[in-house]
Amino acid sequence: MVFSHHSHSGQFCRHAVGSLESMVAEAARKGFKMYSLTEHCPRWRDQDLYPEEIEANVTPSDLEATFEAFLSEAQRLKQLYASNGSGMEILVGMETEHIYEKDLSLLKTAIDRNRDKLDFLVGSVHHSDGHPIDFSKERFEEAVQWYTTTTTTTTTSVLNQNQRGGEEEEKVDDSAAAAAALSTLLESYFGAQRRLMEALHPEVIGHFALPLLFTPTTSLASHSTAYALAMGNIRYAIDYGALFELSSAPFRKGWDQGWPGEEVVRMVIEEGGRFCLSDDAHSVGQVGLNYYRLKEWMEKVGVKREMVYRLHKPGDGPLQRIPIEEEDWKQIGNHS
């Protein structure tokens, strides 16, 4: 019996498939001890809508209504499974966004309005300076190109100011410009992540270092300022008690390791941080998918049972962080 702290359903998320109830039923069938339902928070600007939402004529107001409907259905399922003898606990959460300055206050308002329906937050950032960084490889590359253009323009301007007489204009090396662009993107991302953490103190840090999704061979250590920001965020999250998500989702996307990758995991371990598990499922078939691979990878990179926790909310009591037991650790590898 295992746990997941992050999932989505097609009923309330347009890039997922299947009903919320079917996701929960599959988790129960697979013997999950706790399964979390964590749909995305609303986005409040037309320009932040995704292509499938635009195609369906969805508005930001629709996203707010959809999230409210999710909370109602999630609470219904939570109560149902608390009394049906399944032995599976359901936690209801929100996966956050932080795209522009004002949305943090809007997000706080939404959280406060639904405080009695939310057990916890998955603190995630999916944009950098307004550019989506995980929606698709194409959108990520567009973001990098935007930073490349911005960085190159700034660098060329400085070079021109330093020219003397008839000196030829220096050209910015393409690879150096690309590296500088990625550095700037990462710095923007970690800056947004820090603002989110300071404002909300999310209990789970979702897919840390998300910009590396489409550049899996990139080392944070090769981007010194971004690395320092990442380390600062890790220490801040540890100080207030957050858990870092270890996700099996990358295996289904062609990666040979779990998220957030070996480098970040070792950074967290070195600072004494704690982890939690998730499948980040977007369909019934992804519930618990590749947990056995996640277990193998965790052991390979030095994650020990004592470092892995789960969230638990006993009745009307406060949310608790509980280290997983030896038997549960063993069971992780029994799920496909």
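The legends below describe close-up views of helix packing, one loop residue and aromatic pairs in a predicted model. Because the model is predicted, local features need pLDDT of at least 70 and side-chain atom pairs count only at pLDDT 80 or more, while totals for chains, interfaces and linings use all residues. Residues are numbered from 1 along each chain as its sequence is written, and side-chain values use heavy atoms, with hydrogens and water left out.

**View 1. Helix 6 packs against helix 7 in a roughly parallel arrangement.** The two helices (DSSP runs of H or I with at least four residues, numbered from the N terminus) pack at an angle of about 15°, with their axes 9 Å apart; the axes are lines fitted to C-alpha atoms over the stretch in contact, and angles run from 0 to 180 degrees between N-to-C directions. That angle makes helix 6 roughly parallel to helix 7, where under 35 degrees counts as roughly parallel, over 145 as roughly antiparallel, 65 to 115 as roughly perpendicular and the rest as oblique. The crossing of helix 6 and helix 7 is left-handed, meaning that the near helix is turned anticlockwise from the far one by less than a right angle, whereas a clockwise turn is right-handed. Among the residues that meet (contact means heavy atoms within 4.5 Å) are L186, F190 and M197 in helix 6 and L229, A230 and Y236 in helix 7. By class, this contact has 9 nonpolar, 5 polar and 3 charged residues, with Ala, Val, Leu, Ile, Met, Phe, Trp, Tyr, Cys and Pro taken as nonpolar, Asp, Glu, Lys and Arg as charged, and the others, Gly among them, as polar.

**View 2. Helix 7 also meets helix 9, at an oblique angle.** The axes of helix 7 (residues 224–240) and helix 9 (residues 262–270) come within 10 Å and cross at roughly 50°, which makes helix 7 oblique to helix 9. Their crossing is right-handed. Helix 7 contributes Y227, A230, M231, I234 and I238 to the contact, and helix 9 contributes E263, M267 and V268.

**View 3. Helix 4 and helix 6 form a right-handed crossing.** Helix 4 (residues 103–113) and helix 6 (residues 174–200) pack at an angle of about 35°, with their axes 11 Å apart. The contact is made by L104, L107, K108 and I111 of helix 4 together with R195, L196, A199 and L200 of helix 6, and by class it has 6 nonpolar, no polar and 2 charged residues.

**View 4. T218 lies in the loop between strand 7 (204–205) and helix 7.** With a relative accessible area of 19%, T218 is buried (under 20% relative accessible area, against over 50% for exposed and in between for partly exposed, with a 1.4 Å probe and protein chains only). Leaving aside neighbours within four places in sequence, T218 is in contact with L182, L212, H223 and E263.

**View 5. F12 and F70 are an edge-to-face pair.** The structure holds 12 aromatic pairs, in which rings of Phe, Tyr and Trp (its six-membered ring) have centres within 6.5 Å, planes under 30 degrees apart counting as stacked, over 60 as edge-to-face and the rest as tilted. The ring centres of F12 and F70 are 5.8 Å apart and their planes lie at 65°. F70 is buried, with a relative accessible area of 0%.
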